[in-house]
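Biologist: I am new to this structure and would like a close look at one part, the inside. Please go through it slowly, and explain each term when you use it.

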Amino acid sequence: MKFKIISAMLVLALASLACSFTIDIPEGPTPGPEVTDEISVAAPKSGDAKLEINFGAGDLTLSPGADGLVDGTATYNIPDLKPTVEEDGNSVVIRQGSYEFNGVPTLDNIKNTWDLKLGSAPMELTIAAGAYDGNLDLGGLSLTNLTVKDGAATVKLTFSKPNAVEMTVFRYETGASDVTITGLANANFGTMIFNGGAGNYDLGFDGELQRGATVTVDCGLSDLTLRIPKDVRAVVTVEGGLSSVNTSSNWANSGDTYTQDGNGPTLTIIVKLGAGSLTLTD
(Lines give C-alpha, C1' and ligand atoms only; values in the text may rest on other atoms or scores of the structure.)
Protein backbone atom coordinates (compact mmCIF):
# COMPACT_ATOMS: atom_id res chain seq x y z
CA MET A 1 0.00 0.00 0.00
CA LYS A 2 2.82 2.41 0.89
CA PHE A 3 4.43 1.65 -2.46
CA LYS A 4 1.25 2.59 -4.34
CA ILE A 5 0.94 5.87 -2.42
CA ILE A 6 4.58 6.82 -3.07
CA SER A 7 4.21 5.95 -6.78
CA ALA A 8 1.09 8.11 -7.06
CA MET A 9 2.85 11.01 -5.37
CA LEU A 10 5.83 10.62 -7.71
CA VAL A 11 3.59 10.70 -10.78
CA LEU A 12 1.85 13.86 -9.54
CA ALA A 13 5.20 15.52 -8.83
CA LEU A 14 6.51 14.73 -12.28
CA ALA A 15 3.31 15.98 -13.90
CA SER A 16 3.57 19.23 -11.95
CA LEU A 17 7.18 19.63 -13.00
CA ALA A 18 6.30 18.98 -16.67
CA CYS A 19 3.60 21.66 -16.57
CA SER A 20 6.02 24.23 -15.19
CA PHE A 21 8.90 23.35 -17.52
CA THR A 22 9.18 25.15 -20.84
CA ILE A 23 11.75 25.05 -23.62
CA ASP A 24 12.79 28.37 -25.03
CA ILE A 25 13.78 27.94 -28.69
CA PRO A 26 15.44 31.12 -29.92
CA GLU A 27 14.59 32.40 -33.33
CA GLY A 28 16.89 31.81 -36.26
CA PRO A 29 18.68 34.53 -38.21
CA THR A 30 16.67 37.23 -39.94
CA PRO A 31 17.14 37.18 -43.73
CA GLY A 32 18.22 40.41 -45.37
CA PRO A 33 18.38 41.59 -48.97
CA GLU A 34 19.74 39.15 -51.55
CA VAL A 35 23.39 39.55 -52.51
CA THR A 36 25.05 37.94 -55.53
CA ASP A 37 28.81 37.41 -55.56
CA GLU A 38 30.81 36.56 -58.65
CA ILE A 39 33.17 33.60 -58.24
CA SER A 40 36.05 33.27 -60.69
CA VAL A 41 39.18 31.14 -60.36
CA ALA A 42 41.82 30.86 -63.07
CA ALA A 43 43.07 27.47 -64.21
CA PRO A 44 46.59 26.54 -63.07
CA LYS A 45 49.35 27.39 -65.52
CA SER A 46 50.81 23.91 -65.16
CA GLY A 47 49.96 20.69 -63.37
CA ASP A 48 46.65 19.31 -62.17
CA ALA A 49 44.29 21.34 -60.02
CA LYS A 50 42.88 20.21 -56.69
CA LEU A 51 39.44 21.76 -56.21
CA GLU A 52 37.23 21.45 -53.13
CA ILE A 53 33.70 22.83 -53.04
CA ASN A 54 32.51 23.06 -49.45
CA PHE A 55 28.77 23.73 -49.35
CA GLY A 56 26.27 23.46 -46.50
CA ALA A 57 22.55 23.92 -46.96
CA GLY A 58 20.79 25.37 -50.00
CA ASP A 59 20.88 24.77 -53.75
CA LEU A 60 24.06 23.83 -55.59
CA THR A 61 24.31 23.64 -59.39
CA LEU A 62 27.48 22.53 -61.17
CA SER A 63 27.99 22.28 -64.91
CA PRO A 64 30.84 22.34 -67.44
CA GLY A 65 31.77 25.43 -69.45
CA ALA A 66 34.11 27.67 -67.43
CA ASP A 67 36.91 29.45 -69.26
CA GLY A 68 39.15 29.06 -66.22
CA LEU A 69 38.91 26.57 -63.38
CA VAL A 70 35.64 27.91 -61.92
CA ASP A 71 33.20 30.65 -62.97
CA GLY A 72 29.82 31.37 -61.45
CA THR A 73 27.74 33.10 -58.82
CA ALA A 74 26.63 32.67 -55.22
CA THR A 75 23.37 34.30 -54.12
CA TYR A 76 22.48 34.53 -50.43
CA ASN A 77 20.47 36.66 -48.01
CA ILE A 78 22.36 36.02 -44.75
CA PRO A 79 25.66 37.96 -44.63
CA ASP A 80 27.45 35.14 -42.83
CA LEU A 81 26.77 32.84 -45.81
CA LYS A 82 29.15 34.87 -47.97
CA PRO A 83 31.50 32.35 -49.62
CA THR A 84 35.28 32.52 -49.53
CA VAL A 85 37.87 31.36 -52.04
CA GLU A 86 41.17 30.03 -50.70
CA GLU A 87 44.03 29.44 -53.15
CA ASP A 88 47.32 27.74 -52.35
CA GLY A 89 49.25 26.91 -55.48
CA ASN A 90 47.14 24.52 -57.52
CA SER A 91 44.83 23.82 -54.55
CA VAL A 92 41.57 25.79 -54.37
CA VAL A 93 38.84 25.65 -51.71
CA ILE A 94 35.53 27.43 -52.28
CA ARG A 95 33.86 27.50 -48.90
CA GLN A 96 30.40 28.56 -47.80
CA GLY A 97 30.45 31.16 -45.05
CA SER A 98 29.28 29.90 -41.68
CA TYR A 99 26.90 31.26 -39.12
CA GLU A 100 25.46 29.86 -35.92
CA PHE A 101 21.78 29.27 -35.40
CA ASN A 102 20.75 30.27 -31.89
CA GLY A 103 18.60 27.22 -31.40
CA VAL A 104 16.99 24.76 -33.83
CA PRO A 105 18.11 25.50 -37.40
CA THR A 106 15.52 26.52 -39.97
CA LEU A 107 15.88 27.40 -43.63
CA ASP A 108 12.58 29.26 -43.90
CA ASN A 109 13.05 32.38 -46.05
CA ILE A 110 16.80 31.77 -46.26
CA LYS A 111 18.37 31.73 -49.72
CA ASN A 112 21.72 30.16 -50.46
CA THR A 113 22.17 29.29 -54.13
CA TRP A 114 25.41 28.56 -55.95
CA ASP A 115 25.56 28.21 -59.73
CA LEU A 116 29.09 27.28 -60.78
CA LYS A 117 30.69 26.22 -64.05
CA LEU A 118 33.85 24.11 -64.07
CA GLY A 119 36.62 24.21 -66.63
CA SER A 120 38.37 21.50 -68.63
CA ALA A 121 41.72 21.57 -66.80
CA PRO A 122 42.70 18.22 -65.25
CA MET A 123 41.58 18.25 -61.64
CA GLU A 124 40.92 16.25 -58.53
CA LEU A 125 37.46 17.36 -57.39
CA THR A 126 35.93 17.09 -53.92
CA ILE A 127 32.36 18.15 -53.15
CA ALA A 128 31.60 18.27 -49.43
CA ALA A 129 28.01 19.27 -48.67
CA GLY A 130 25.30 18.98 -46.06
CA ALA A 131 21.53 18.90 -46.37
CA TYR A 132 21.19 20.43 -49.82
CA ASP A 133 19.57 20.10 -53.23
CA GLY A 134 22.20 19.32 -55.84
CA ASN A 135 21.98 19.41 -59.63
CA LEU A 136 25.43 18.36 -60.81
CA ASP A 137 26.56 17.81 -64.42
CA LEU A 138 30.20 16.74 -64.50
CA GLY A 139 30.24 15.59 -68.12
CA GLY A 140 33.12 16.44 -70.43
CA LEU A 141 35.51 17.50 -67.66
CA SER A 142 38.97 16.08 -66.94
CA LEU A 143 38.49 14.55 -63.51
CA THR A 144 41.40 12.45 -62.28
CA ASN A 145 39.62 11.65 -58.97
CA LEU A 146 36.18 12.55 -57.66
CA THR A 147 34.86 12.53 -54.09
CA VAL A 148 31.33 13.53 -53.09
CA LYS A 149 30.27 13.64 -49.44
CA ASP A 150 26.84 14.83 -48.34
CA GLY A 151 24.25 14.45 -45.61
CA ALA A 152 20.47 14.27 -45.90
CA ALA A 153 20.43 15.52 -49.47
CA THR A 154 18.52 15.33 -52.72
CA VAL A 155 21.03 15.00 -55.54
CA LYS A 156 20.89 14.49 -59.28
CA LEU A 157 24.35 13.90 -60.70
CA THR A 158 25.09 13.14 -64.32
CA PHE A 159 28.06 12.61 -66.59
CA SER A 160 26.42 13.90 -69.75
CA LYS A 161 29.62 13.43 -71.79
CA PRO A 162 32.66 11.17 -71.39
CA ASN A 163 35.29 12.24 -68.88
CA ALA A 164 38.28 13.38 -70.92
CA VAL A 165 40.85 11.49 -68.81
CA GLU A 166 40.94 8.26 -66.86
CA MET A 167 39.47 8.71 -63.39
CA THR A 168 41.25 6.59 -60.81
CA VAL A 169 38.60 6.55 -58.05
CA PHE A 170 35.06 7.90 -57.78
CA ARG A 171 33.94 7.89 -54.15
CA TYR A 172 30.43 8.87 -53.00
CA GLU A 173 29.48 8.96 -49.30
CA THR A 174 25.96 9.94 -48.29
CA GLY A 175 23.39 9.63 -45.53
CA ALA A 176 19.61 9.40 -45.61
CA SER A 177 19.37 10.85 -49.10
CA ASP A 178 17.72 10.58 -52.47
CA VAL A 179 20.57 10.22 -54.95
CA THR A 180 20.22 9.68 -58.70
CA ILE A 181 23.35 9.28 -60.82
CA THR A 182 23.28 8.82 -64.60
CA GLY A 183 25.93 8.41 -67.28
CA LEU A 184 28.27 6.53 -64.94
CA ALA A 185 29.99 4.72 -67.81
CA ASN A 186 31.03 8.15 -69.09
CA ALA A 187 32.86 8.86 -65.83
CA ASN A 188 35.68 6.59 -67.05
CA PHE A 189 36.61 5.43 -63.54
CA GLY A 190 38.61 2.34 -62.66
CA THR A 191 37.06 2.04 -59.19
CA MET A 192 33.82 3.40 -57.76
CA ILE A 193 32.91 3.22 -54.06
CA PHE A 194 29.39 4.18 -52.99
CA ASN A 195 28.54 4.24 -49.28
CA GLY A 196 24.97 5.11 -48.26
CA GLY A 197 22.75 5.07 -45.21
CA ALA A 198 18.99 4.70 -45.23
CA GLY A 199 17.94 6.20 -48.54
CA ASN A 200 16.86 5.81 -52.12
CA TYR A 201 19.74 5.36 -54.56
CA ASP A 202 19.46 5.05 -58.33
CA LEU A 203 22.75 4.41 -60.15
CA GLY A 204 22.70 4.41 -63.94
CA PHE A 205 25.67 2.98 -65.85
CA ASP A 206 24.67 4.32 -69.25
CA GLY A 207 27.20 6.02 -71.49
CA GLU A 208 30.43 4.72 -72.99
CA LEU A 209 32.25 2.10 -70.91
CA GLN A 210 35.84 2.52 -72.13
CA ARG A 211 37.53 0.00 -69.79
CA GLY A 212 36.78 -2.60 -67.17
CA ALA A 213 35.58 -1.08 -63.91
CA THR A 214 34.89 -2.28 -60.36
CA VAL A 215 32.08 -0.87 -58.22
CA THR A 216 31.41 -1.46 -54.51
CA VAL A 217 28.04 -0.37 -53.13
CA ASP A 218 27.61 -0.55 -49.34
CA CYS A 219 24.26 0.62 -47.93
CA GLY A 220 22.03 0.17 -44.92
CA LEU A 221 18.24 0.05 -45.08
CA SER A 222 17.85 1.26 -48.65
CA ASP A 223 16.06 0.95 -51.95
CA LEU A 224 18.85 0.51 -54.48
CA THR A 225 18.44 0.46 -58.26
CA LEU A 226 21.29 -0.39 -60.63
CA ARG A 227 20.56 0.51 -64.25
CA ILE A 228 22.91 -1.31 -66.61
CA PRO A 229 22.26 -1.26 -70.38
CA LYS A 230 21.52 -4.64 -71.95
CA ASP A 231 24.63 -4.59 -74.17
CA VAL A 232 27.06 -4.19 -71.22
CA ARG A 233 28.79 -7.28 -69.86
CA ALA A 234 28.23 -7.17 -66.08
CA VAL A 235 28.68 -9.33 -62.98
CA VAL A 236 26.86 -8.36 -59.79
CA THR A 237 27.59 -10.14 -56.50
CA VAL A 238 25.17 -9.57 -53.64
CA GLU A 239 26.19 -9.75 -49.99
CA GLY A 240 24.18 -9.08 -46.83
CA GLY A 241 20.64 -9.60 -45.56
CA LEU A 242 18.61 -8.38 -48.48
CA SER A 243 14.84 -8.52 -48.33
CA SER A 244 14.47 -8.80 -52.11
CA VAL A 245 16.33 -8.79 -55.42
CA ASN A 246 14.40 -7.92 -58.57
CA THR A 247 15.86 -8.37 -62.04
CA SER A 248 14.80 -7.89 -65.63
CA SER A 249 14.77 -10.90 -67.97
CA ASN A 250 18.28 -10.38 -69.37
CA TRP A 251 19.93 -11.31 -66.06
CA ALA A 252 21.01 -14.86 -65.15
CA ASN A 253 21.24 -15.87 -61.51
CA SER A 254 23.44 -18.41 -59.73
CA GLY A 255 23.25 -18.11 -55.96
CA ASP A 256 24.25 -14.59 -54.98
CA THR A 257 25.77 -13.80 -58.38
CA TYR A 258 23.87 -12.17 -61.23
CA THR A 259 25.36 -11.97 -64.72
CA GLN A 260 24.48 -10.24 -67.94
CA ASP A 261 26.04 -11.04 -71.32
CA GLY A 262 27.29 -8.17 -73.40
CA ASN A 263 30.12 -6.73 -75.42
CA GLY A 264 33.27 -4.86 -74.54
CA PRO A 265 34.75 -4.36 -71.05
CA THR A 266 33.23 -5.95 -67.95
CA LEU A 267 31.48 -4.02 -65.22
CA THR A 268 32.01 -5.80 -61.88
CA ILE A 269 29.75 -4.74 -58.99
CA ILE A 270 29.71 -5.91 -55.37
CA VAL A 271 26.58 -4.96 -53.43
CA LYS A 272 26.50 -5.01 -49.63
CA LEU A 273 22.99 -4.15 -48.47
CA GLY A 274 21.89 -4.54 -44.88
CA ALA A 275 18.18 -4.62 -45.68
CA GLY A 276 15.82 -3.24 -48.29
CA SER A 277 15.61 -4.02 -51.97
CA LEU A 278 17.88 -4.25 -54.97
CA THR A 279 16.63 -3.84 -58.54
CA LEU A 280 18.75 -4.74 -61.56
CA THR A 281 17.38 -3.25 -64.74
CA ASP A 282 18.46 -1.40 -67.89
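Modeller: A residue is called buried when its relative accessible area is under 20%, exposed when it is over 50%, and partly exposed in between, with a 1.4 Å probe and protein chains only. The model is predicted, which is the reason that local features need a pLDDT of at least 70 and side-chain atom pairs a pLDDT of 80 or more, while totals for chains, interfaces and linings use all residues. Residues are numbered from 1 along each chain as its sequence is written, and side-chain values use heavy atoms, with hydrogens and water left out.

The protein chain has 282 residues, and 40% of them count as buried. Its secondary structure comes to 1 helix and 21 strands, taken as DSSP runs numbered from the N terminus (helices are H or I with at least four residues, strands are E with at least two). A contact means heavy atoms within 4.5 Å, and among the contacts between residues at least 6 apart in sequence, 59% join residues at least 24 apart.

The inside is best entered through the nonpolar core, a set of buried Ala, Val, Leu, Ile, Met, Phe, Trp, Tyr and Cys residues joined through side-chain atoms within 4.5 Å. The largest such core has 63 residues, and those with the most contacts inside it are Phe159, Phe170 and Phe205. In soluble globular proteins, nonpolar side chains tend to be buried together. If neighbours up to four places away in sequence are not counted, phenylalanine 159 touches Leu138, Gly139, Leu143, Leu146, Met167, Phe170, Ile181, Thr182, Gly183, Leu184, Asn186 and Ala187. Phe159 and Phe170 also belong to one aromatic cluster, together with Tyr172, Phe189, Phe194 and Tyr201.

Rings of Phe, Tyr and Trp (its six-membered ring) pair if their centres lie within 6.5 Å, and the pair is stacked with planes under 30 degrees apart, edge-to-face over 60 and tilted for the rest. The structure holds 7 aromatic pairs. One of them joins phenylalanine 55 and tryptophan 114, which meet edge-to-face at 4.9 Å centre to centre, with 70 degrees between the planes. Phenylalanine 55 lies in strand E2 (residues 49–55) and tryptophan 114 in strand E7 (residues 112–118), so this pair ties together parts that are 59 residues apart in sequence. Phenylalanine 55 and tryptophan 114 are both buried. Another pair, that of phenylalanine 194 and tyrosine 201, is edge-to-face because the ring planes stand at 65 degrees, with the centres 5.1 Å apart. Here again both phenylalanine 194 and tyrosine 201 are buried.

From tyrosine 201 it is a short step to leucine 224, since the two are 4.9 Å apart in space, C-alpha to C-alpha, although 23 residues apart in sequence. Leucine 224 lies in strand E16 (residues 213–227) and is buried, with a relative accessible area of 1%. Leaving aside neighbours within four places in sequence, leucine 224 is in contact with Tyr201, Leu203, Val217, Val271, Ser277, Leu278 and Thr279.

Asparagine 188 is a buried residue too, with a relative accessible area of 7%. The place of asparagine 188 is in the loop between strand E13 (178–182) and strand E14 (189–195). Most residues other than glycine have a negative phi. Asparagine 188, however, has a positive phi, near 60 degrees.

Some residues in strands are less covered, and they help to show where the inside ends. Asparagine 54, found in strand E2, counts as partly exposed because its relative accessibility is 23%. Beyond its neighbours within four places in sequence, asparagine 54 is in contact with Ile94, Arg95, Gln96, Trp114 and Ala128. In space, asparagine 54 and arginine 95 are 4.7 Å apart, C-alpha to C-alpha, with their positions 41 residues apart in sequence counted as separation.

Threonine 180 lies in strand E13 and, at 30% relative accessibility, counts as partly exposed. The C-alpha atoms of threonine 180 and lysine 156 are separated by 4.9 Å, while the two residues are 24 apart along the chain. Apart from neighbours within four places in sequence, threonine 180 is in contact with Val155, Lys156, Leu157 and Asp202. Alanine 275, in strand E21 (residues 263–281), is partly exposed at 27% relative accessibility, and touches Gly220, Leu221, Ser222 and Gly241 when residues up to four places away in sequence are not counted.
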